[in-house]
Amino acid sequence: MLSPKHVITSAPGKTILFGEHAVVYGKPAIAAAVDKRVYVKIEKREDKKTHVTVEELGVSGFLNLKEELIDYNNGEYKKKNILEYVLKSLIKTNTNDGLEITINMDIPIGAGLGSSAAVTVATIFSLSIYNNINLTKNEIAKLAHQVELEVQGAASPIDTTLSTHGGVIYLSNNANKIIKLDINTEIPIIIGYTSKRGNTGKLVESVRLKVEKYPEIMNPILNSMESITKHACKALINRDHEKIGELMNINYGLLDSIGVSTEELSKMVYSARKAGALGSKVTGAGGGGSIIAYCPEHVDEVISFINKFENAFKINISNEGVRQESK
Ligand code: PMV
C-alpha cells in the first residue's frame, strides 16, 4: 500500500482525579482522559528535511534524526521542550527524514493535563499510519511511555495510557495494573489553571525528602490518600456527588500538607467551593498547574468566578483515546 499524502490524528489530555503523589509510593490513583485534544498532521516534504511546528506555542524547528538534535527556529525556551517528544517518537518508530509535522493543541501546556503524552501518542499513531506499520493500542501506549521516560527520566504510565485508550482508569497498588472503570456518564469537572507552571520532577523530589525526614508523619498521610482513592472509586461508580466532593476536599488538605499547593492554587480551590463546587483540589503534581472542581451544579458561576483571576473551563471525560481524524 502507498503511504497516504497526509495523516491527521488526535489524542486526549488527562486529569488526575485522586491519588497524585501517593501513586509514586505504590498507592492507587484515579485519572480520566478529557475532551481536550492534541492534533498531529504529518505530510511529506520533498527536501528530505524534517520540520515541526507547534502552532499555539509559536514553537518550531528542524529535527536531525541521525544525530538526535533539534535546530530550533524560534520559541520560548520552556515550551521548546515539546519538540523532544516528537524527535524521540520519530526515532522510536524508525521514521525516515522528509516530513512536515504540524501540531495543534487545545490543552494548555505545563498545566498537568498531559499535553506531552498526548503529543507523543498522536505523533506515534500518525507515523504508524504514514509508514504503513500496524501498531495495536497497547503497543502505541508502550512506545509513548518509553518516549516519556527517555525525555523526562521518570514518568508514570497514567498519561500515555489515557491518551491512547481514553476513559477513566484506576491504577491499582501494583503500578503496572491499570483497570478501566466503567463510568459512562459525565463526571462534572471544571479545570482551573494558572499560567505558573509546576515542575513535576522537583515536586516529587520535595515530597520524597519529606518522607525521608518525617516518615512517621508522611506515611500516614500517604495511607490516608490511599483510603481516599479507594472510597472515591466506589463513590464515582455510585455517582455519590456529596461524597466525591467531600473526598476531594480531604485530599486537597493532604496535598497542601505535603507542600504541593501554592497561593494561586489555593485561591482557585477555595473560590470554586465558594461559587458552588461540591469539592475541589489540586490535580497532578501541583506547584502551579491546575485544580479540579467537582460541580454537578453551578458550573457557570464557578467558571466565571475563577476566570476573574485565572483561567477555567469545563471538561467532559473522553471515552475515545487516540484516533485518526478525517482528512
Ligand atoms: O502534573 P502531572 O500530570 O505531571 O502529574 C504528576 C503526578 C505525580 O503523581 C505527582 C507523579 C507521577 O508520575 O505520577
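**Close-up views of the ligand site**

By class, the shell around the ligand comprises 5 nonpolar, 5 polar and 2 charged residues. The model shown in these views is predicted.

**View 1. Residues surrounding the ligand.** The ligand is enclosed by Lys 14, Ile 16, Glu 20, His 21, Val 23, Val 24, Gly 112, Ser 156, Thr 200, Val 204, Gly 284 and Ala 285.

**View 2. Polar contacts of the ligand.** Lys 14 places a polar side-chain atom 2.6 Å from an oxygen atom of the ligand. Backbone atoms also take part: a polar one of His 21 lies 2.9 Å from a ligand oxygen atom, and a polar one of Gly 112 lies 3.3 Å from an oxygen atom of the ligand. The ligand taken alone exposes 380 Å², of which the protein buries 85%.

**View 3. The pocket and its elements.** The largest pocket holds the ligand. Strand S1 (6-18) and helix H6 (200-213) are the elements that contribute two or more residues to the shell around the ligand.

**View 4. The ligand and the two domains.** Because domain 1 (2-183) and domain 2 (189-315) both give residues to the shell around the ligand, the ligand lies between these domains.

Notes
Residues numbered from 1 in each chain as written. Predicted model: local features only at pLDDT ≥ 70, side-chain atom pairs only at ≥ 80, totals over all residues. Heavy atoms only, no water. Near = heavy atom within 4 Å. Polar contact = N/O pair within 3.5 Å; in protein donor to acceptor, adjacent residues only side chain to side chain. Areas by Shrake-Rupley, 256 points an atom, 1.4 Å probe, with all protein chains shown as cover. 1 Å grid on protein atoms, 1.4 Å probe; cavity = no way out; pocket = protein on both sides within 12 Å on 5 of 7 lines; lining within 4 Å. Sits in = over half its atoms within 2 Å of the grid points. Helix = DSSP H or I, 4+ residues; strand = E, 2+ residues; numbered from the N terminus. Nonpolar A, V, L, I, M, F, W, Y, C, P; charged D, E, K, R; others polar. Domains from an automatic or database assignment.
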